[in-house]
Amino acid sequence: MTGYVLYGSDMSYFSGKARAYLRWKGIDFTEIAPTPEVMKSEIMANIGWPVIPVLKTPEGEYVQDTADIIAHFEQKGGAPSALPPLPLQLMVTFLLQLYADEWLTLPAMHYRWNHNEDWIYGEFGKNAAPNGTPEEQYEAGKKVGQRFRSFVPMLGVTPETAPGVEKAYEQFLADFSAHLKKLPYLLGTRASYADFAMIGPLYAHQYRDKFSGEHMKEKAPLVADYVERVIAGKGQTGAFVANDDIPKTLLPILKAALGEHIPVLSATIDKYNEWVETAEPRAEVPRGVGMVPFATGGHAGMISARTFSLLRLQDALDVYQMMMPSDRKRADAMLAAVDASGFKSLRIDPRLTRRNYKLALA
Ligand SMILES: N[C@@H](CCC(=O)N[C@@H](CS)C(=O)NCC(=O)O)C(=O)O
């Protein structure tokens, strides 16, 4: 086989992000489902833990994590470039990735596991028992799926928070629909990195899962149309909004996202700092460092303090901290407009990096 291999699945959050990007970039790739055999011989053997998506290059190298998959191609240069070239749009790109990867997990988990549970077991079964009868696939899928289901309360979705998750998601659909009336993609008339990130939650869980997709098509047909375009790799031509401006219609989305997420990120940093006190230099970082309070759509609960979220935050902070004074002034004005000035004082020290396909102290 020539070209790249993407080990991924149509049901997986982050596989959609990678697939949308690869199609848009025009990469020759084949997607292979994570059957038990593939999990063992490719993913466990080379990555060391069970995760998708994983990219295998024609040279036989393995790349894991969607940001690293995208960077693998972007570092080579070549048009079209996924990242906006100017600083404020770049910072907003990473803020939108932080939201898509690490906060829209709330509706994704809620809708999949509280509205599509039996349906998704059948879908998981197609990978777990590809040659089984529908009943055998359901049983095999249930075994795999129950592991994911068991993470849901830790990810903040409980009977107490579920109404808030729905309220916040409905508001997002309304705000994003208003944006899509003005512009076909997040930052202009062409697709870019932020759109691929948004496809993570919006494709597999919110569009493809049966009930969620019906709900999206009914409540927010413009969002459903957007998901279809981005997952198909469209939007290769067109432009970013001129003058490094941020479309006004993104402000309500950023305001809601950052308003809920910044307190959680700040509490996660406190827990990370406590953990760092006794950690060895360059240590592997645990995926969670305890539980912290949060609220979404006006409903409060507890959520895992996920260290990976800090890696995504670090990208946005790096862009902010390296801005020239005139750009920083524009960034400050935008952050003030969305009540998110708290972002500026967040610090991740020591820095985070990825080593051996895991999160580690830099
Ligand atoms: N941050 C990673 C996350 C990959 C990820 O969380 N993949 C999910 C499926 S969409 C998974 O395999 N999770 C297994 C686990 O977290 O143990 C990325 O961007 O690629």
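## A helix lying over strands

Let's start with helix 3, which covers residues 66–74. Helix 3 lies across strand 1, strand 3 and strand 4, and against strand 4 helix 3 runs at about 130°. Keep in mind as you look around that this is a predicted model.

## The sheet underneath

What do those strands belong to? They are part of an open sheet made of 4 strands, in the order 2-1-3-4, with mixed pairing. Strand 2 (29–32) and strand 4 (62–64) are at the edges with a single partner strand each, so one side of each has no neighbour in the sheet. Direction ignored, neighbouring strands here are turned by 20° against each other on average.

As background, the strands of a sheet pair through backbone hydrogen bonds, and they can do that in a parallel or an antiparallel way. For one example here, take strand 1 (residues 4–7) and strand 3 (residues 54–56): they pair in the antiparallel sense, over 3 bridges. If you want to find a spot in that pairing, look for V5, whose bridge partner in strand 3 is K56.

## Helix 7 and its kink

Now move along to helix 7, residues 134–150. This helix has 17 residues, and from its first C-alpha to its last it reaches 23 Å. That is close to the 24 Å expected at 1.5 Å a residue. Still, helix 7 has a kink of about 30°, and the kink is centred on V144.

Which residues of helix 7 are buried? They are Q137, G141 and G145. Among the parts of the chain that cover these buried residues are helix 5 (105–115) and helix 6 (117–128).

## Two cis peptide bonds

Next, a pair of backbone details. I52 and P53 are joined by a cis peptide bond, with omega at about 0°. To find P53, go to the loop between helix 2 (36–46) and strand 3.

A cis peptide bond also joins A79 and P80, and here omega is about -10°. P80 sits in the loop between helix 3 and helix 4 (87–102), so to speak of helix 3 once more, that is the helix lying across strand 1, strand 3 and strand 4.

## Two positive phi values

Have a look at N243 too. Its phi is near 60°, which is a positive value in a residue other than glycine. N243 is in the loop between helix 11 (221–231) and helix 12 (251–276). Is N243 buried or exposed? N243 is exposed, and its relative accessible area is 64%.

Y357 has a positive phi as well, near 65°, and Y357 is likewise not a glycine. You'll find Y357 in the loop between strand 7 (352–355) and strand 8 (358–361). With a relative accessibility of 24%, Y357 counts as partly exposed.

## Stepping back

How many helices and strands does the protein chain have? There are 14 helices and 8 strands. The radius of gyration of the chain is 20 Å, close to the 21 Å that the globule rule gives for 362 residues, so the chain is as compact as a globular protein of that length. Along its principal axes, the C-alpha trace spans about 60 × 50 × 45 Å.

What share of the 362 residues counts as buried? The figure is 55%. As for contacts between residues at least 6 apart in sequence, 73% of them join residues that are at least 24 apart.

Technical notes
Residues are numbered from 1 along each chain as its sequence is written. This is a predicted model: local features need pLDDT of at least 70, side-chain atom pairs count only at pLDDT 80 or more; totals for chains, interfaces and linings use all residues. Side-chain values use heavy atoms; hydrogens and water are left out. Two strands pair if DSSP finds at least two bridges between them. Axes are lines fitted to C-alpha atoms, for helices over the stretch in contact, and angles run from 0 to 180 degrees between N-to-C directions. Contact means heavy atoms within 4.5 Å. The expected span of a helix is 1.5 Å times one less than its number of residues. The bend at a residue is the angle between axes fitted to the seven residues ending there and the seven starting there. Buried means under 20% relative accessible area, exposed over 50%, partly exposed in between (1.4 Å probe, protein chains only). The radius of gyration is taken over C-alpha atoms; the globule rule is 2.2 Å times the number of residues to the power 0.38.
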